[in-house]
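Please look over the sequence and the structure below. A short report follows, with a few questions along the way.

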Number of protein chains: 2
Amino acid sequence: MSFPKPTDSELAILQELWQRGPSTVKVIHEALSSSRDIGYTTALKLMQIMHEKGLLTREREGKTHIYQPAVSQEKIQKQLLNKLVDTAFQGSAMKLIMQALGNEKTSIDELTQIKSFIEKLEGGQNE
Amino acid sequence: MSFPKPTDSELAILQELWQRGPSTVKVIHEALSSSRDIGYTTALKLMQIMHEKGLLTREREGKTHIYQPAVSQEKIQKQLLNKLVDTAFQGSAMKLIMQALGNEKTSIDELTQIKSFIEKLEGGQNE
DNA sequence: AAGTTTATACGAATCTTTTCGTAATTGCAA
DNA sequence: TTGCAATTACGAAAAGATTCGTATAAACTT
């Protein structure tokens with residue numbers, strides 16, 4: 001069960017859909033327009049392709065289509081994360097985590113959350 | 001000072017160079033060949049392009065060129081990591097870290113290391 | 001039902017990345 | 001110096017992703 005890895009444009013569309021829930025091309029196009037210059041038919045075509053690839057499902061509602069992600073945000077995040085770990089961090093999730101922590105965008109509060117998450121994991125089964 | 005983001009193939013070449021140190025096309029080609037099917041001139045061309053882009057430096061040594069990364073592994077890791085945080089994790093490094101931890105590839109020992117790294121950070125200045 | 005609006009479908013152009021064939025160059029050996 | 005093997009340079013094809021113009025279809029208005 002592996003999905004084709006979404007391209008950058010596709011990921012942007014998935015993000016909108018995950019955040020907004022089921023949406024028409026029109027809505028997604030407007031959302032994308034605010035951050036970059038993109039034609040309506042371009043957005044449409046992308047979503048049609050994503051539908052063909054199985055990244056989106058859709059349903060006709062009168063004249064328009066309502067699109068929805070066919071994959072969970074978590075699954076895609078996992079996929080992209082694993083790929084990055086493999087290609088850029090020699091397969092070591094720890095290296096990646098350390099880097100991310102070092103990028104000093106994490107607040108004290110978040111650090112505490114992460115720490116307690118780790119403690120929960122340590123209590124668990126990770127051998 | 002921002003480098004062009006390396007493509008997947010380019011990243012694979014950078015990895016080899018970071019690991020092996022300065023190398024010829026021949027050596028890199030052989031290394032890549034072990035994990036996938038790639039022609040010699042393909043590898044050569046990629047490295048030439050990377051040189052043009054400023055990702056690699058090179059030096060003539062007799063008839064051959066010796067290539068070297070022009071950017072540090074850490075810089076590229078940071079670049080790719082930040083991009084992933086932005087495009088897939090809504091800008092939240094914490095979300096990414098949690099996911100990475102959850103992917104259960106991290107050993108108890110590594111968890112401990114991460115935890116003590118966090119403690120060091122907490123002692124520091126992160127506001 | 002004809003015209004208008006809004007949406008989809010289709011096809012092709014463009015751009016980027018990857019690929020490799022062929023030609024030119026270099027260094028060495030005979 | 002001529003010939004051979006190794007290497008680079010060049011150009012263009014192939015594959016993938018993005019873009020959009022134009023045509024078609026659907027629903028609403030009058």
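## A pair on one helix

Does Arg20(B) count as buried, partly exposed or exposed? Arg20(B) counts as partly exposed, at 48% relative accessibility. Keep in mind that this is a predicted model.

Arg20(B) has a partner. Its side chain meets that of Glu16(B) in a salt bridge, with N and O 2.7 Å apart. Both residues lie in helix H1 of chain B. They are four residues apart, about one turn of the helix. An α-helix has 3.6 residues a turn, so residues three or four places apart point the same way. Side chains of opposite charge can pair when their charged atoms come close. Glu16(B) counts as buried, because its relative accessibility is 17% and the cut-off for buried is under 20%.

## Where the two chains meet

How many residues of chain A are in contact with chain B? The number is 45, and they touch 44 residues of chain B. Between them the chains bury about 4,600 Å². Carbon and sulfur atoms make up 62% of that area.

Polar contacts also cross this interface. The rule finds 16 residue pairs of that kind, both residues at pLDDT 80 or more. Four helices of chain A each give two or more residues to the side that touches chain B. They are H1 (8-20), H4 (73-88), H5 (93-102) and H6 (108-123). Which of them gives the most? H6(A) does, with 12 residues. By type, this side of chain A divides into 19 nonpolar, 15 polar and 11 charged residues.

## Salt bridges across the interface

The structure holds 10 salt bridges over all chains. Six are found across the interface of chain A and chain B. One of them joins Lys83(A) to Asp8(B), at 3.2 Å from N to O. This pair runs from helix H4 of chain A to helix H1 (residues 8-20) of chain B. Both partners are partly exposed: Lys83(A) has a relative accessible area of 26%, and Asp8(B) has 49% relative accessibility.

Another bridge links Lys115(A) and Glu122(B), at 3.1 Å from N to O. Here the pair crosses from helix H6 of chain A to helix H6 (residues 108-123) of chain B. Is Lys115(A) buried or exposed? Lys115(A) is buried, because its relative accessible area is 16% and buried means under 20%. Glu122(B) counts as partly exposed, at 22%. Lys115(B) also forms a salt bridge, with Glu119(A) as its partner. The closest N and O atoms of that pair are 3.8 Å apart.

## An enclosed helix

Now turn to H5(A). Eight of its 10 residues are buried, so this helix is largely enclosed by the rest of the structure. Which residues of H5(A) are buried? They are Ala93(A), Met94(A), Leu96(A), Ile97(A), Met98(A), Gln99(A), Ala100(A) and Leu101(A). What covers them comes from both chains. The cover includes H4 and H6 of chain A. It also includes helix H4 (73-88), helix H5 (93-102) and H6 of chain B. Just after H5(A), Glu104(A) takes a positive phi of about 40°.

## The nonpolar core

The largest nonpolar core has 67 residues. Which members touch the most others? They are Leu96(A), Leu101(A), Leu96(B), Leu101(B) and Ile114(B).

Take Leu101(A) and set aside residues up to four places away in sequence. In its own chain, Leu101(A) touches Thr106(A), Leu111(A) and Ile114(A). In chain B, Leu101(A) touches Ile97(B), Ile114(B), Phe117(B), Ile118(B) and Leu121(B).

## A tyrosine in chain B

Where is Tyr40(B)? Tyr40(B) lies in helix H3 (residues 40-53) of chain B. At 39% relative accessibility, Tyr40(B) counts as partly exposed. Leaving aside neighbours within four places in sequence, Tyr40(B) is in contact with Val25(B), Lys26(B) and His29(B). Tyr40(B) and Val25(B) are 15 residues apart in sequence. In space, their C-alpha atoms are 8.1 Å apart.

Definitions and conventions: Residues are numbered from 1 along each chain as its sequence is written. Chains are lettered from A and ligands numbered from 1 in the order in which they are written. This is a predicted model: local features need pLDDT of at least 70, side-chain atom pairs count only at pLDDT 80 or more; totals for chains, interfaces and linings use all residues. Side-chain values use heavy atoms; hydrogens and water are left out. Contact means heavy atoms within 4.5 Å. Buried area is the accessible area (1.4 Å probe) that two parts lose on being put together, summed over both. A salt bridge is a side-chain nitrogen of Lys or Arg within 4 Å of a carboxyl oxygen of Asp or Glu. A polar contact is a pair of N or O atoms within 3.5 Å; within protein, one must be able to donate a hydrogen and the other to accept it, and residues adjacent in sequence count only if both atoms are side-chain atoms. Ala, Val, Leu, Ile, Met, Phe, Trp, Tyr, Cys and Pro count as nonpolar, Asp, Glu, Lys and Arg as charged, and the others, Gly among them, as polar. A nonpolar core is a set of buried Ala, Val, Leu, Ile, Met, Phe, Trp, Tyr and Cys residues joined through side-chain atoms within 4.5 Å. Buried means under 20% relative accessible area, exposed over 50%, partly exposed in between (1.4 Å probe, protein chains only).
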